[in-house]
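Dear colleague,

Here is the structure I promised to pass on to you. Please have the sequence and the coordinates open as you read, and my notes follow below.

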Amino acid sequence: MPEVERPAEHCDSLVSVTSEIRRRARTGELSGSLQVVGDPGGRFHFRTGAVVEVSSPGAPGVETLLLHSGRVSESEWSTALRAGEASDRAGAELVARGLVGQAELQLVCLMAALDAALAIGMGRIDGFSFDPGAPFQHLAAPEGIDADWLLQEAERRIGVLASLAAPHAPFHSRPLRTVTGAALLEGPANPDRSSVNGDRREILVRVNGRRSARDIAFLLGRSLYAVTVEMARMHAEGLVQTAGPPGTLRPLATAGGNGRPFGSPGTGAPPLAAGPRSDRPALPLRQRGASRITELFPLRSVSDRLP
């Protein structure tokens, strides 16, 4: 049975999640599901102390990353899901059928867990409830993920997003293409002549004033973090512009240490900060191509996937 909800000690911060996980580790309660109540909130799934999945409505999960990127087809996914559903072994079925490798599945699970933790940390955290009887997930990370490392890396990425020259709110901002962005998109996808090719072109083609970075990440089966970074870069380069409320970038209304650099998806959330938090050291910017994600998930042409 899930326990009664417990308030968070450090609201609006992944520090509260870390404290709760460490508290439970001391009591030996780290097999089951820790629900983070908030907006967007989410769940951390544990197996004997290791994180095997993190899910949040604010970020694409493993299924979305595999299907929408084209890595696994709908029919292949349905077959593997049916075969492994009874024993929660869909991931093992994908590996057994040669659709993904064991290391590749671990990497995709890690990417999804980081994105979900990122979304939880950028939103509002109200409290926690724990269900020790929650079933294991059928797309669990085969080797598990260290909880401390996961949360530290998610916090680092939040800091990187806030430190970009043109920070972008992944839930609120719904940008439009500028005249420059539209002109580049209409031209040929030529690596020698255009700054909008490959994954950037895929993202820019879906910028229409109605979609957030989160929406585009779901559509493409891409990492929420990667899409948000790319949107911020295109904003700084004048290829997209913010389309007004609710995506207008404004300074934080509160200057306290509990203020978050990004607003949550719901109403009444704190607005986007204009720069990095003063209590964090300067962080290095992510180098384009360093994650090698497009090698893992080769992108299909725009014409094949326009919704």
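The expected span of a helix is taken as 1.5 Å times one less than its number of residues. The model is a predicted one, and in it helix H1, which covers residues 14–26, has 13 residues and should therefore span 18 Å, in agreement with the 19 Å that separates its end C-alpha atoms. The buried residues of this helix H1 are Leu-14, Ser-16, Val-17, Thr-18, Glu-20, Ile-21 and Arg-24.

Turning to the strands, E2 (residues 32–39) is paired in the antiparallel sense with E3 (residues 42–47) over five bridges, and E2 is also paired, again in the antiparallel sense, with E5 (residues 124–131) over seven bridges. Gln-35 is a useful residue to look at here, since it stands opposite Arg-43 in E3 and opposite Ser-129 in E5. In the hairpin that E2 and E3 form, two residues lie between the strands, and Gly-41 takes a positive phi near 70°.

The last item concerns His-68, which is found in helix H2 (residues 62–68). With a relative accessible area of 33%, His-68 falls between the 20% below which a residue is called buried and the 50% above which it is called exposed, and it is therefore partly exposed. A polar atom of the His-68 side chain lies 2.5 Å from the backbone oxygen of Phe-218, while His-68 and Leu-220, although 152 residues apart in sequence, are 5.5 Å apart in space, C-alpha to C-alpha.

With best wishes

Technical notes
Residues are numbered from 1 along each chain as its sequence is written. This is a predicted model: local features need pLDDT of at least 70, side-chain atom pairs count only at pLDDT 80 or more; totals for chains, interfaces and linings use all residues. Side-chain values use heavy atoms; hydrogens and water are left out. Two strands pair if DSSP finds at least two bridges between them. Helices (H or I, at least four residues) and strands (E, at least two) are DSSP runs, numbered from the N terminus. Buried means under 20% relative accessible area, exposed over 50%, partly exposed in between (1.4 Å probe, protein chains only). A polar contact is a pair of N or O atoms within 3.5 Å; within protein, one must be able to donate a hydrogen and the other to accept it, and residues adjacent in sequence count only if both atoms are side-chain atoms.
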